[in-house]
Every structure is written in structure tokens, then in C-alpha cells.
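Reader: Hi! I've got a structure open and could use some company while I look through it. Mind if I throw some quick questions at you?

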Amino acid sequence: MGSKYPPSMRCCLPLWTLVLEAALIVIFFFFTSYDTSSQDPKKLTGTFRVLQDVTIMVALGFGFLNSSLRRYGWSSVAFNLFLLALGVQWAVLMDGFLEQSFRKKVVIKLSSIKLATMSAMSVLISAGAVLGKANLLQLTLMALVEVTVFVTMRMIDRQHLSMDGHLSMMHIHVFATYFGLMVAWSLSRCLNERVMEEKNQTAKSSSLFAMLGTLFLWMFWPSFNSALLDVPKERKNAVFNTYYALAASAVTAISMSALARPRGKINMTHIHNAILAGGVAVGPSCHLITTPWLAMLLGFMAGLISIGGALCLPANFNHVLGIHDTCGVHYTFGLPGLLGGIAYILLIIYEVSWIKKSVYQLFVGTGTLSLAVASGLIAGVLTGLVLNLKICKAPHAAKYFDDQAFWEVRFLT
Amino acid sequence: MGSKYPPSMRCCLPLWTLVLEAALIVIFFFFTSYDTSSQDPKKLTGTFRVLQDVTIMVALGFGFLNSSLRRYGWSSVAFNLFLLALGVQWAVLMDGFLEQSFRKKVVIKLSSIKLATMSAMSVLISAGAVLGKANLLQLTLMALVEVTVFVTMRMIDRQHLSMDGHLSMMHIHVFATYFGLMVAWSLSRCLNERVMEEKNQTAKSSSLFAMLGTLFLWMFWPSFNSALLDVPKERKNAVFNTYYALAASAVTAISMSALARPRGKINMTHIHNAILAGGVAVGPSCHLITTPWLAMLLGFMAGLISIGGALCLPANFNHVLGIHDTCGVHYTFGLPGLLGGIAYILLIIYEVSWIKKSVYQLFVGTGTLSLAVASGLIAGVLTGLVLNLKICKAPHAAKYFDDQAFWEVRFLT
Amino acid sequence: MGSKYPPSMRCCLPLWTLVLEAALIVIFFFFTSYDTSSQDPKKLTGTFRVLQDVTIMVALGFGFLNSSLRRYGWSSVAFNLFLLALGVQWAVLMDGFLEQSFRKKVVIKLSSIKLATMSAMSVLISAGAVLGKANLLQLTLMALVEVTVFVTMRMIDRQHLSMDGHLSMMHIHVFATYFGLMVAWSLSRCLNERVMEEKNQTAKSSSLFAMLGTLFLWMFWPSFNSALLDVPKERKNAVFNTYYALAASAVTAISMSALARPRGKINMTHIHNAILAGGVAVGPSCHLITTPWLAMLLGFMAGLISIGGALCLPANFNHVLGIHDTCGVHYTFGLPGLLGGIAYILLIIYEVSWIKKSVYQLFVGTGTLSLAVASGLIAGVLTGLVLNLKICKAPHAAKYFDDQAFWEVRFLT
């Protein structure tokens with residue numbers, strides 16, 4: 001119980017976040033107003049439903065997805081909500097400032113909250129790699145930077161590469177993964193292998209909570225992939241394809257996990273991550289694919305890659321580079337996201353050669369994917385440097401992965 | 001294991017509730033019929049969606065919100081469902097009898113089930129204060145009385161104060177809190193401090209269940225606050241404002257909880273309660289507020305007040321008055337509800353002085369809030385007296401907060 | 001820890017399922033295409049919502065409903081998802097082949113995925129009886145056979161008995177129960193009573209997970225019962241009646257469970273099962289009932305029967321016949337399903353004698369119910385025989401109900 005917790009946290013963190021929240025209120029006072037144009041009430045209800053689905057995914061799905069750490073369940077759920085609540089407010093402002101002109105007030109619509117919630121998801125993905133190694137102040141800083149960079153990247157995609165909103169959003173997985181990995185890299189340098197091993201375990205009922213989060217993500221992923229598509233036909237395709245890709249990746253992930261291990265035993269952590277891989281991989285091209293088998297094939301391959309990554313990456317890649325990826329973000333979102341980006345490019349190549357579409361589209365596809373990876377890497381390294389500054393009062397490595405560093409724990413278990 | 005459980009429970013409780021259910025069926029047989037008018041199918045779907053959101057909030061959200069007690073998890077979830085199922089049936093009848101005339105049959109529409117579910121929520125809020133100190137028969141009695149009083153209060157609001165349905169529903173938090181506190185007061189007089197302290201603890205995985213309930217309430221609160229608004233613009237405002245208030249109160253609650261404690265550690269129980277405060281506080285005025293900053297300010301203040309209440313109330317107010325508020329209903333719903341009522345009155349004052357609205361509205365606003373507090377207090381005291389009668393066979397104080405008094409427990413943990 | 005797990009699993013199971021998934025992709029490549037006809041986007045959204053509700057029920061509700069076994073929580077949730085993902089793909093193909101002609105490609109609509117998800121539910125119901133006694137390969141085989149038989153049965157209902165889709169779907173509970181019981185019978189012959197007793201226990205937090213699953217089923221059952229009804233009035237009736245039946249059965253189940261036991265203690269496992277009985281029983285006639293009391297009466301009786309079955313069946317019926325029904329499928333879905341089928345026939349008799357409806361409808365009602373029971377029994381016995389073949393490498397009875405046989409378990413608890 002006698003955990004020696006940096007006392008600076010006491011005055012530092014809560015004051016900063018309270019001041020930040022007050023500052024946000026002031027900024028909203030000066031720079032925003034609600035959309036007062038009369039809208040079709042039915043369209044409003046539709047947008048509200050999609051917003052709610054996405055909210056369920058980010059608040060509940062991501063919150064519990066990462067809760068399987070034995071001693072870090074509370075922090076992962078509560079910090080996830082904190083980052084979400086903060087990230088949404090910040091992303092609404094950023095989106096407004098960058099999209100609309102600076103001269104007049106930012107007009108907030110229901111769809112801009114939807115967009116902001118999706119942008120805030122980038123923080124939650126990255127947090128999965130950093131979890132347990134950063135205090136709340138560091139996570140807050142990371143959220144502000146990451147949302148800003150991600151919104152800027154999407155603006156560049158849209159304005160300079162004339163990319164549609166859906167595709168630039170679907171690169172969120174790749175961007176957020178590499179951002180998170182770079183931040184984790186800068187925080188995990190002094191990590192004691194033995195301590196980490198002991199604390200970074202899962203518990204039986206925690207794993208069921210993580211499964212709950214995974215299931216919510218699995219069930220609502222079709223909503224996420226179709227959230228930014230307005231054409232009914234594209235929307236329908238997106239729902240179909242995501243559904244099939246998820247079904248295929250669930251079957252593949254469970255089979256592969258048993259195949260990969262001696263004695264054929266399945267690894268629960270792999271399952272949490274790999275059954276979602278299909279939804280990630282099909283994201284960028286989900287509105288273009290017109291046959292179920294292609295979506296299923298993508299889901300199949302995503303499941304293979306994700307389980308393969310789960311087996312190889314922690315031991316080789318991450319160990320050599322010194323990156324400790326707490327929740328396996330790299331093989332949950334990163335590799336399937338890359339697969340999805342490449343699949344989109346292949347699909348465009350096919351369309352260019354057969355349907356004589358413009359080659360320009362191909363350059364744009366390659367460009368946005370590279371931009372997502374590059375901006376994630378660069379912004380991640382810079383953010384990691386900032387978070388290592390003394391002013392952030394990072395927790396000591398011995399306190400990593402421990403709820404007791406942040407929470408009043410009065411019970412015996 | 002050898003818990004000495006009052007054997008009277010055996011013959012008393014189940015027979016009463018079975019007879020009650022049979023009586024309800026007979027009453028429905030004589031006095032109700034379905035609405036057979038043909039409705040717009042799209043409007044029907046919309047109402048059904050809102051009903052489902054509210055059902056998720058009450059069945060799941062409230063069920064798990066109060067499940068963090070170490071030895072009382074089963075009871076809180078199952079009794080919650082029992083009270084909900086009973087309360088909805090009773091509220092449909094009461095609503096029908098009081099609103100429509102007694103001469104003809106009560107016509108049940110989908111919207112009347114929605115209304116009844118929201119009325120039944122008052123029982124679930126009050127049950128949070130009483131939980132662990134009453135047996136199921138007492139809770140059943142409480143449910144019947146509370147729903148009757150609440151529906152009557154809303155009818156007075158509507159018919160004599162010409163209040164709209166939304167506002168009179170939004171006083172549910174204040175009414176139910178003071179009703180529950182008064183009942184808890186009459187049941188907690190002989191409470192042994194030490195026993196209570198030992199049993200009234202939270203466990204690690206229980207806290208995650210409570211967090212799950214909290215998250216469901218947090219996510220669906222916009223649906224609750226906009227459920228009774230028919231004008232699309234008011235509805236949109238309600239969704240916007242609730243969303244912002246909840247985001248602000250989540251950030252504030254987590255920050256404040258760390259700031260308030262020595263060594264800056266966050267208290268999980270505070271978080272469960274305080275992140276919802278924003279939604280409660282913005283309720284009465286959510287359709288009138290036209291700028292995000294005002295909703296965020298309300299959420300910010302609600303978070304402060306709720307955490308402040310969590311720190312001061314149990315030690316001072318409740319201890320002096322001898323009220324044991326099991327799940328902190330007073331600072332989760334009571335204080336933010338009062339703040340919301342006052343905010344509504346201030347908003348009306350502003351409108352009266354600037355937009356030259358009728359002063360009558362101001363009197364009505366003050367009147368309904370006072371009525372909610374007063375009827376909650378009075379009906380709570382009377383109900384508490386009835387529940388203390390011998391006929392109810394209240395559990396002995398040593399059996400408080402213990403699942404074993406009500407459940408067959410065969411496992412070792 | 002030193003569990004001796006059949007090594008054959010290693011090469012056998014994952015390869016088979018991977019090959020199966022690959023084969024499915026190939027079949028989809030040759031035989032299916034998406035529906036490209038332009039649809040009303042609003043109807044599309046409506047279908048999508050219903051699909052999502054049903055998905056929540058099957059993935060989350062059934063997954064966690066059966067998770068209360070102390071050592072089998074992981075398997076029940078993950079295998080449930082696996083069977084769902086596989087079953088949906090297979091059911092879409094079967095539905096397409098049997099309904100549409102074989103000559104042209106199967107056209108996949110959003111509504112065919114909805115139908116397939118509902119058909120796949122039959123596997124999840126049956127799996128409740130078999131759970132813990134079969135490995136994943138056996139469950140996979142069972143899923144393929146059961147979906148095929150169920151889809152064929154529904155086609156016979158529709159084409160030869162001119163039954164509507166709703167009613168033939170509502171016999172899913174009866175069909176799946178008797179199918180599952182027969183399979184469980186053939187697998188549980190060599191079951192050691194003592195070992196089973198020890199492992200087949202519930203744990204405290206597992207029970208809360210099971211309650212979570214139950215609540216999700218409870219909340220979304222109105223969506224399930226109205227999913228295949230297109231006439232708005234019938235749809236409304238279905239929602240109303242299911243809602244009331246569920247409310248009545250929840251109250252009845254909790255009361256009865258306390259009444260039935262010495263000392264009036266409630267049994268958690270009974271609650272999980274019996275509060276859903278109302279929804280099952282009202283299924284076949286939910287669109288015909290026009291008064292709430294009838295639905296409530298059905299719910300009341302279903303609660304009584306379900307609790308009665310829970311008390312008598314395991315000790316008498318199952319024990320004598322040597323059937324071990326792991327999760328009580330017989331009294332959760334079987335008996336209430338039979339009650340529902342009989343209630344439908346009585347309702348038709350009433351209509352025949354009073355409203356002078358055709359007697360033909362009566363024969364059809366009796367015929368489909370008998371067909372469901374008979375085909376469930378016969379197909380179940382045959383499937384059970386196949387699953388007992390050496391090729392399936394069934395786990396040894398000592399490994400029943402144990403997560404460690406299938407999962408990498410590295411933690412201490």
C-alpha cells in the first residue's frame with residue numbers, strides 16, 4: 001500500500017486540467033454558436049443515431065478493450081473517458097477553426113460532434129500503446145497535440161489532395177498507431193523487463209471486461225465505417241463489407257490463435273485484438289468493394305496478419321527497437337490499417353487499368369497513406385520528447401501499470 | 001454462511017408480489033386497451049428507438065451503477081430489474097387513470113410506455129439511497145407509493161401550473177433524491193457504524209461493473225433529456241447541450257476528485273457519480289440554452305458541486321441527521337438537480353428581463369421545483385414510516401448490505 | 001496447470017476451420033453478389049437498426065448469458081462469437097440457395113443478413129445445452145448441420161404449409177432446444193457426476209456477467225419478436241406485447257424463485273433464465289394479441305413454468321434420461337417456446353370459432369410446431385452420433401467445463 005507517489009501530481013495535474021476546461025468554456029463562449037438553420041428532423045435523427053453508435057464504440061468499446069491489465073483496469077476505463085470528453089471538445093474547435101474561416105464564429109452542427117468524436121478516437125487508439133506508462137497530464141497533452149495534428153492532416157487531405165472525408169478518416173488507424181508507438185517508445189526506454197512482466201498480466205474477469213469492449217467494437221464497427229458516407233449505395237456497401245470482413249476475421253483469428261501455439265491453445269489477448277482486424281482492414285475501401293468475397297478475403301488476411309503480428313512483433317520488432325506496446329495497438333490497428341491502405345491502392349490500380357479511371361486517384365491514395373504514416377511518426381516522436389520533459393512529472397517506472405498510483409484503493413483484493 | 005434469515009420472508013414476499021402481479025393482470029384486463037389508431041410508421045420507429053434508449057438506461061445503467069457494493073452486487077442488479085418491471089406496469093396505469101378520464105378504458109400507446117419507463121426511473125434513483133437496508137417487499141411498497149406520488153405531482157404540474165411535460169419530468173432527480181433520502185433516514189436509524197463500514201465496501205471488479213452502468217447512463221443521457229421534446233429544434237438543442245454538459249462534467253469530476261484528496265489520488269466512487277452530474281444539471285433548461293458554453297459551464301459547476309457534496313455530505317450532513325445514503329444519491333442526482341432547477345429559474349429571469357417574457361413563467365418554475373422537493377420530502381417520510389411497520393418484516397441491521405440474506409450462494413468466493 | 005490436452009486438436013481444429021473459412025470465401029466468390037437495386041434509404045436505415053439490435057442480442061446477450069460457469073467464461077463468450085460469425089455466413093448461403101433458385105447467383109440484401117443472424121441464433125441456443133462438453137470442431141460441425149436443418153425446416157414451413165416467415169422463425173426456440181438437448185444427451189453419457197458438480201459452479205462476478213447478457217436479451221427482445229413483421233400495426237402489437245410479457249415474467253420469476261426455495265432465497269441461475277421466458281412464450285402470437293393482459297398472462301405463466309422447470313427438470317427428467325443441460329436451455333427456451341406454440345394454437349382456435357377464420361390455419365399451426373419439435377429431435381440425435389465419432393476427437397470428460405483445455409492461462413487466479 002505504501003506506494004510512493006509523486007506529490008507534485010496533487011497540485012499539478014488537477015489544476016492544469018481544471019484550468020484547461022475553464023479555458024475551453026471561454027473559447028466556446030467567444031468563438032462558437034449552435035447551428036440554427038432548420039434541418040430535416042428525420043436526417044437529424046439519423047445523424048444522432050450514428051453519433052450514438054460511435055459514442056458507444058469510443059466510450060465503452062475502447063474503454064473496456066484495454067481493461068484487461070490486471071492492475072490497471074480502473075485507469076484504462078476512466079482515463080479513456082477523460083481523454084474522450086476532452087478530445088471531443090478540442091476536436092470540435094480544431095475542426096471548426098481549420099474548416100471554416102477564422103473570421104466568423106464556428107457553427108456547431110450535430111455532424112461536427114460526430115466528426116469530432118471520430119477524431120478523438122485517434123487519441124484512444126494511441127493511448128492503448130502508452131497506457132500504464134504515462135500520467136493523466138501526459139495523456140492530456142498527448143490528446144491535445146494528437147487531435148490537432150490529425151485534424152490538420154485531414155484538412156490537408158481534403159483541401160490539397162481533394163480526398164473525401166471518409167478516406168482521410170479511415171487512415172486514423174495507421175496514423176494513431178504510429179503516433180502512439182513513437183510516444184510509447186520515448187516513455188518505455190527505462191522499463192524494467194521483470195517488473196513489467198509481472199504487472200502486465202491479465203486477470204480472468206478483466207479479460208471478460210476486455211471481451212465486452214471488443215464485442216461492442218465488433219458490433220458497431222459497421223456504423224463507424226459507414227458514418228461519413230452520404231450516398232445510400234456506398235453506405236449500404238460499407239455496412240455489408242464491414243459485416244462480412246468482421247465475420248471472416250473473427251473465425252480466422254480464433255482458428256489461427258489455436259494453430260500458432262503449441263498444444264493448440266488459444267490466447268485470449270490475441271482474440272481481443274485480432275477479431276477487430278477485419279473492420280480496420282476493410283475501412284478505406286468498404287464503399288468501393290461490390291462483392292462479399294473480397295471483403296471476406298480482406299478480413300481473412302487481416303486476421304492472419306494480426307495474429308502473426310501478435311506472435312512476432314512483441315518478441316522481435318518491439319524488443320529490438322525498445323518499444324513497449326501495452327495493448328498491442330500495432331497489430332490491432334496498425335498492420336490491418338496498412339493492409340487496408342494497400343488494398344485501397346490495389347483496388348484503384350485495378351479500376352485505373354480496367355475501368356480507365358484517372359491515374360490521379362492512385363497518387364492521391366498513395367499520398368494520403370504515406371502522409372498518415374509519416375505525420376504519425378514525426379508528431380509522435382516530437383510529442384514523446386515533450387512528454388519526457390521534467391515539467392510533466394512522469395511516474396517512476398516502478399509505478400507503471402499500477403492503479404494504486406492514481407486511485408484510492410481501500411479494499412483488500 | 002449460517003445467516004439467520006427471517007423465515008417470514010418465505011411466505012410473505014413472494015406471495016405478495018405474485019398476488020400483485022395477478023392483480024395487475026386483472027386490472028389491465030378491465031381497464032386498458034391498446035391504441036388501435038393507425039400511426040405514421042416512421043414516427044412509431046422513432047418513439048420505439050427512444051423507448052429502447054431509456055430502457056437501456058434504466059435496466060442496465062441504473063442496475064449496474066449501484067452494483068459496486070462488495071457483497072450486494074446481485075441484489076442491486078436484480079432488484080433494480082424487478083422494481084423497473086413492476087414500476088412500469090404501475091406507472092402506465094397511474095398515468096392513464098390520472099390523465100385520461102376514469103370513464104373509459106385507458107388507451108396504451110408506445111409513448112405512454114416511454115413515459116411510464118421514465119416515471120419508474122424515480123424508483124430506481126430512490127432505491128440507490130435505500131439499497132441494502134430494505135427487503136424486496138419494502139422496495140415493492142416504496143415503488144408503488146413513489147410512482148403514484150410522482151405521477152400525481154406531474155399531473156398537478158401539468159394541469160394546475162400549465163407546465164410542459166419535459167420540465168415536470170426533469171424534476172424527477174430532485175423528487176426521487178429527497179424521497180429516497182427520507183426513506184433511508186427512517187431505515188438507517190439503528191445502523192451499526194462499524195458493520196456498515198465493513199460491508200459497504202467496493203471491490204475491484206464490482207467497480208468496473210459500476211463503471212459500465214455509469215458509461216451507459218453517460219452515453220444515453222442525451223436521449224433521456226430529449227425524450228419528451230417534440231419540436232425538432234428544441235430536441236436538437238437538448239441533445240447538443242446534454243452532450244456538452246456531460247463532457248465538461250466528466251473532465252471536471254476526474255480533475256476535482258484528484259485535487260480534493262491528499263496525494264492527488266482519484267476516488268472511483270466519486271467518479272461513478274460525478275460524471276453524470278452534468279446531464280442532471282442541464283436537464284430542465286437543455287431545450288432553452290442556445291450556446292454551448294452555457295451548457296459546459298453548467299456541467300463544470302455540476303461536477304464541482306457533486307464532488308464537493310461527495311466529500312462533505314457523508315461526513316457532515318448525513319452523519320448529523322443520521323441518514324445513510326448507500327450509493328450517494330444526494331450528490332449524484334440531488335444537488336445537480338437543484339442546480340439545474342435554479343439554473344432554469346435564472347434563465348427565465350434573464351428572459352423575463354431581456355426578452356420581456358411573462359413573469360408568470362418564473363413563478364411556475366419556482367413553484368414546480370419547490371413542489372418536487374416538498375412532495376419528495378413529505379411522501380418519503382410517510383413511506384418510511386409505513387416501511388418500518390412490523391408487517392414489512394424488515395431485515396435485521398446486521399443483515400444489511402449482504403447478498404446472502406436474499407440469494408442462494410453456493411460458491412466459495 | 002498440467003492439463004493433458006489432446007494434441008490432435010493442434011493440427012485438427014484450426015486447420016479445418018481455416019479451410020472452411022477459405023472454402024466459404026470461394027463459394028461466396030462463385031455464387032453470390034450484392035443487391036444493387038436502389039432502395040429507399042430510410043427503409044435501409046430501419047433494416048440496419050433491426051439488424052444491429054439482433055446482432056447485439058446474439059453476440060453480446062447469448063455470449064454472456066452462458067458465461068456464469070466458474071471456469072468456462074472465456075470459452076462461452078469466444079466460442080459464441082465464433083459460432084455466430086460462422087453461422088451467419090453459412091445461413092446466408094443456405095437461405096439463398098433454398099429460397100432463390102440455384103441457377104442464378106444468390107443476391108445478398110441487408111434483410112438476408114438479418115434473417116441469417118436470426119437463423120444463426122438457433123446454434124447459440126443449442127450451444128447452451130452442449131457448452132463445456134464439446135470442443136470447437138464439434139461445435140463447428142453442429143453449427144453447420146443445425147443451420148442447414150433449420151433453414152430447410154423454415155423453407156418447408158413457407159413453401160408447403162404457406163406459413164409466414166415470422167411464425168416459422170418463432171419456432172426457433174423449440175427447435176434449437178430439442179436439437180441441443182439431443183446433442184447434449186449423446187455427449188453427456190460418460191459424465192462423472194462429482195467432477196461435473198465441482199466444475200459446473202457459478203462465481204460471483206461471472207454471475208454479474210451472465211446478468212449483463214440476460215439484460216441485453218431482455219431489453220432487445222421486442223426488436224427480435226418484431227424483426228420479421230412488415231405491417232406497421234402488427235409490428236406495434238409485437239413490441240407492446242413482448243414488452244408486457246417480459247415485464248410480467250421478470251416480476252414472476254423473481255417472486256417464484258424465492259417462493260420455491262426453503263428460507264425464501266432467490267437462485268441467481270433461475271433468474272437469468274426465467275426472466276426471458278415471457279419474451280419466448282409471447283413470440284409466436286405477439287402480432288395477434290390485441291390486449292395487454294393476455295401478453296402479461298402469457299409472461300406470468302411462462303415465468304411459472306420456467307421456474308418450475310428449473311426446479312424439477314435437472315433432478316428428474318434430465319437425470320433419468322441422462323441428459324446434462326449445461327445452461328438450462330430446456331426451461332429457458334424449450335418449455336416457454338412450447339407454451340408459446342400452444343398459446344398460438346389456442347388463439348387460432350378462438351379465432352376459428354368466433355371470427356369464422358379458416359380451420360386450415362389451425363392445422364398449419366399444429367403442424368409447424370410438431371415439425372419444429374420433431375426435426376429438432378431427429379436432427380439432434382443424428383448430429384450427436386456424428387459428433388461422437390473418433391474423427392472429432394472429443395475432449396475427455398475430465399476436461400469438461402474447463403477453460404484451461406482451450407485457453408492459454410498464465411495468471412494465478
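Reader: How many residues of chain B are in contact with chain C, and how many of chain C with chain B?

Author: 65 residues of chain B are in contact with 57 residues of chain C, where contact means heavy atoms within 4.5 Å. Before we go on: this is a predicted model, where local features need pLDDT of at least 70 and side-chain atom pairs count only at pLDDT 80 or more, while totals for chains, interfaces and linings use all residues. Residues are numbered from 1 along each chain as its sequence is written, chains are lettered from A and ligands numbered from 1 in the order in which they are written, and side-chain values use heavy atoms, with hydrogens and water left out.

Reader: Good to know. What area is buried between chain B and chain C?

Author: About 5,600 Å², with carbon and sulfur atoms giving 73% of that. Buried area here is the accessible area (1.4 Å probe) that two parts lose on being put together, summed over both.

Reader: And how many salt bridges are there across that interface?

Author: The rule finds 1 salt bridge between chain B and chain C; the term stands for a side-chain nitrogen of Lys or Arg within 4 Å of a carboxyl oxygen of Asp or Glu. Arg49(B) and Asp53(C) are the partners, at 3.1 Å from N to O.

Reader: Which element of chain B gives the largest share of the side that touches chain C?

Author: Let me list the contributors before I pick one. Elements giving two or more residues to that side are α1 (8-31), β1 (32-34), α2 (41-65), α3 (73-99), α4 (110-130) and α9 (204-225) of chain B. The largest share, 13 residues, comes from α3(B). Helices (H or I, at least four residues) and strands (E, at least two) are DSSP runs, numbered from the N terminus.

Reader: What's the mix by class on that side of chain B?

Author: There are 40 nonpolar, 13 polar and 12 charged residues on the side of chain B that touches chain C. Ala, Val, Leu, Ile, Met, Phe, Trp, Tyr, Cys and Pro count as nonpolar, Asp, Glu, Lys and Arg as charged, and the others, Gly among them, as polar.

Reader: Switching over to chain A and chain C: how many residues are in contact there?

Author: 57 residues of chain A are in contact with 65 residues of chain C. These two chains bury about 5,600 Å² between them, 73% of it on carbon and sulfur atoms.

Reader: Which side chains form the salt bridge there?

Author: Arg49(C) and Asp53(A), at 3.1 Å from N to O. The count between chain A and chain C is 1 salt bridge.

Reader: Which elements supply chain A's side of it?

Author: At least two residues each come from α2 (41-65), α9 (204-225), α10 (232-260), α11 (268-274) and α13 (292-312) of chain A. The most come from α10(A), with 18 residues. By class, that side of chain A has 36 nonpolar, 13 polar and 8 charged residues.

Reader: Now inside chain C, at what angle do α10 and α13 pack?

Author: Helix α10 (residues 232-260) and helix α13 (residues 292-312) of chain C pack at about 35 degrees, with axes 7 Å apart. Axes are lines fitted to C-alpha atoms, for helices over the stretch in contact, and angles run from 0 to 180 degrees between N-to-C directions.

Reader: Which residues make that contact?

Author: Among them are Tyr244(C), Ala248(C) and Met256(C) of α10(C), along with Gly299(C), Phe300(C) and Gly303(C) of α13(C). The contact has 13 nonpolar, 6 polar and no charged residues.
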